[in-house]
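Biologist: I'd like to learn how to read a model like this one. Could you walk me through it, feature by feature?

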Amino acid sequence: MREVAFIKQNKEKWLNFEQAIFGKAKKNPDDLASLYVHLVNDLSYAQTYYPKSKTTVYLNYLAAQTYQKIYKTKRTETNRIQYFFTTEVPLLVYQYRRYILYAFITFFLLTGIGVLSAHNDDSFVRLILGDYYVNMTLENIKDGNPVAVYKSGSNWGSFIGITLNNLKVGAMSYFWGIFLGIGTFYVLLQNCIMLGSFQYFFYQENVFWESVRGIWIHGSMEIFAMVIEAGAGFILGASILFPKTYSRLDSFKIGFKNSFKIFISTMPFTFAAGFLEGFITRYALEMPTFLSISIILLTLSAISFYYLIYPFKVHQKVKKSVTIA
């Protein structure tokens, strides 16, 4: 069947889907499940015969919104917060997974630029980090504790100050996505260049391993959350740039609602990173190596599972339950 005929034949049905999802028409979960089965069949057909078509992109988006609606309207004993973190956010992360991927690719590229810049220009680290910080760190290295900066201040004072700063940076990274994603890229650029040059500086001073044991106790969650926040910012920018079948305003409303939920989901990890930096990182080089490495692996595994693996599991679970319905 030619694509034009396929669209003409199913257009009215798809519009009914849109009304059920975004409009005022009320549908119970069983009706939505029935609609979803038909929609999946249309999507499979489009993916087979029109893989690069806008029709396929549209149907894929509509299917994602449909099963999210089904799961959201099903009666459940779980409370709203639990549902938000265990189902709603993972489904959104799966739906927008390519923007999360773009954020990670951008992160690694920009961090690599920071490393290469520090490698090729001896003055680059001082330009980025400032003379005071570099000189202080050099003194700390001479004293045998390269990450002694994390011992400054009280536990609670460090925790509160660091967490507030990280929340501010995360908010900037996300909300600046409204400038077509360019603002998000700029915030990511600043932080990645700093991170790359910062880590290379320790490598140059032959204390790279010591810096890893200290910095990444809190950095695993802090930096990972920063990338997810950037991904949310890219989603926000893309909703304006690429409205697809919606008006630009409607696309922005949908993009903002969904990306904001992803952004909010990073906050518990940001708080956890702040707690670790304020209370644990300061003792990194005093604790056994296996303990510091275990904390790093545990925190990295937890946030990686939540954003990279768990969304696929939830997607499969919801898809299976809808198909059975």
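Modeller: Gladly! Keep in mind that this is a predicted model. Let's start with a pocket, where the general idea is to ask what kinds of residue line the space. In the second largest pocket, the lining has 17 nonpolar, nine polar and four charged residues.

Biologist: How much space lies in the second largest pocket, and which residues are the closest to its centre?

Modeller: The space comes to about 650 Å³. Of the 30 lining residues, Val57, Asn60, Tyr61, Gln95 and Lys244 are the closest to the centre. Then look at the elements behind the lining: α2 (29-49), α3 (54-73), α4 (80-95), α5 (97-120), α10, α11 (248-265) and α13 (289-324) give two or more residues each. With seven residues, α3 gives the most.

Biologist: And which residues lie nearest the centre of the largest pocket?

Modeller: Asn165, Asn166, Asn191, Met194 and Glu222 do, out of 29 lining residues. The elements giving two or more residues there are α8 (155-175), α9 (182-204), α10 (208-241) and α12 (267-279). Helix α10 has the largest share, nine residues. The volume is about 830 Å³, and by class the lining has 16 nonpolar, 10 polar and three charged residues.

Biologist: Let me step back to the overall fold. How many helices and strands does the chain have?

Modeller: The general idea is to list the elements in order along the sequence. Here there are 13 helices and zero strands, so the pattern is a run of α all the way, α-α-α-α-α-α-α-α-α-α-α-α-α. Next, ask about burial and contacts: 48% of the 325 residues count as buried. Among contacts with a separation of 6 or more, 78% are between residues 24 or more positions apart.

Biologist: Which residues touch the most other members of the largest nonpolar core?

Modeller: For a core, look for its best-connected members, then trace the elements they come from. This core has 38 residues, and Tyr96, Phe107, Ile228, Ile262 and Tyr307 touch the most other members. Two or more residues come from each of α4, α5, α9, α10, α11, α12 and α13, and α10 has the largest share with 13 residues. To see one member up close, take tyrosine 96: beyond its neighbours within four places in sequence, Tyr96 is in contact with Tyr61, Ile235, Ile254, Asn258 and Ile262. There is also a second, separate core of 16 residues, including Val149, Tyr200, Phe201 and Phe202.

Biologist: Now for single residues. Is serine 292 buried or exposed?

Modeller: With a polar residue, check the accessibility, then look for polar partners. Serine 292 sits in helix α13 and counts as buried because its relative accessibility is 0%, below the 20% cut-off. Its side chain makes a polar contact of 3.3 Å with the side chain of arginine 213. A polar side-chain atom of serine 292 also lies 2.9 Å from the backbone oxygen of threonine 289. Leaving aside neighbours within four places in sequence, serine 292 is in contact with Arg213, Ile217, Ala284 and Met287.

Biologist: Where is threonine 281 found, and which side chain does its own side chain meet in a polar contact?

Modeller: Threonine 281 is in the loop between α12 and α13, and its side chain makes a 2.9 Å polar contact with that of histidine 218. Threonine 281 counts as buried because its relative accessibility is 0%. Its C-alpha atom is separated by 6.2 Å from that of isoleucine 217, although the two are 64 residues apart along the chain. Not counting residues up to four places away, threonine 281 touches Tyr150, Gly214, Ile217, His218 and Leu276.

Biologist: What about a side chain that reaches the backbone of its own helix?

Modeller: Try asparagine 10, in helix α1 (residues 3-22). Its side chain reaches the backbone oxygen of phenylalanine 6 at 2.9 Å, and asparagine 10 counts as buried because its relative accessibility is 5%.

Biologist: One last case: how does tryptophan 209 count by accessibility?

Modeller: Tryptophan 209 counts as partly exposed because its relative accessibility is 44%. This residue is found in helix α10, and it touches Thr289 and Ile293, not counting residues up to four places away in sequence.

Conventions: Residues are numbered from 1 along each chain as its sequence is written. This is a predicted model: local features need pLDDT of at least 70, side-chain atom pairs count only at pLDDT 80 or more; totals for chains, interfaces and linings use all residues. Side-chain values use heavy atoms; hydrogens and water are left out. On a 1 Å grid over the protein atoms alone, a cavity is a set of points where a 1.4 Å probe fits but cannot get out, and a pocket is an open set with protein on both sides within 12 Å along at least five of seven lines; lining residues have an atom within 4 Å of a point. Grid points are joined across faces, edges and corners, and a volume is the space filled by probe spheres set on the points. Helices (H or I, at least four residues) and strands (E, at least two) are DSSP runs, numbered from the N terminus. Ala, Val, Leu, Ile, Met, Phe, Trp, Tyr, Cys and Pro count as nonpolar, Asp, Glu, Lys and Arg as charged, and the others, Gly among them, as polar. A nonpolar core is a set of buried Ala, Val, Leu, Ile, Met, Phe, Trp, Tyr and Cys residues joined through side-chain atoms within 4.5 Å. Buried means under 20% relative accessible area, exposed over 50%, partly exposed in between (1.4 Å probe, protein chains only). Contact means heavy atoms within 4.5 Å. A polar contact is a pair of N or O atoms within 3.5 Å; within protein, one must be able to donate a hydrogen and the other to accept it, and residues adjacent in sequence count only if both atoms are side-chain atoms.
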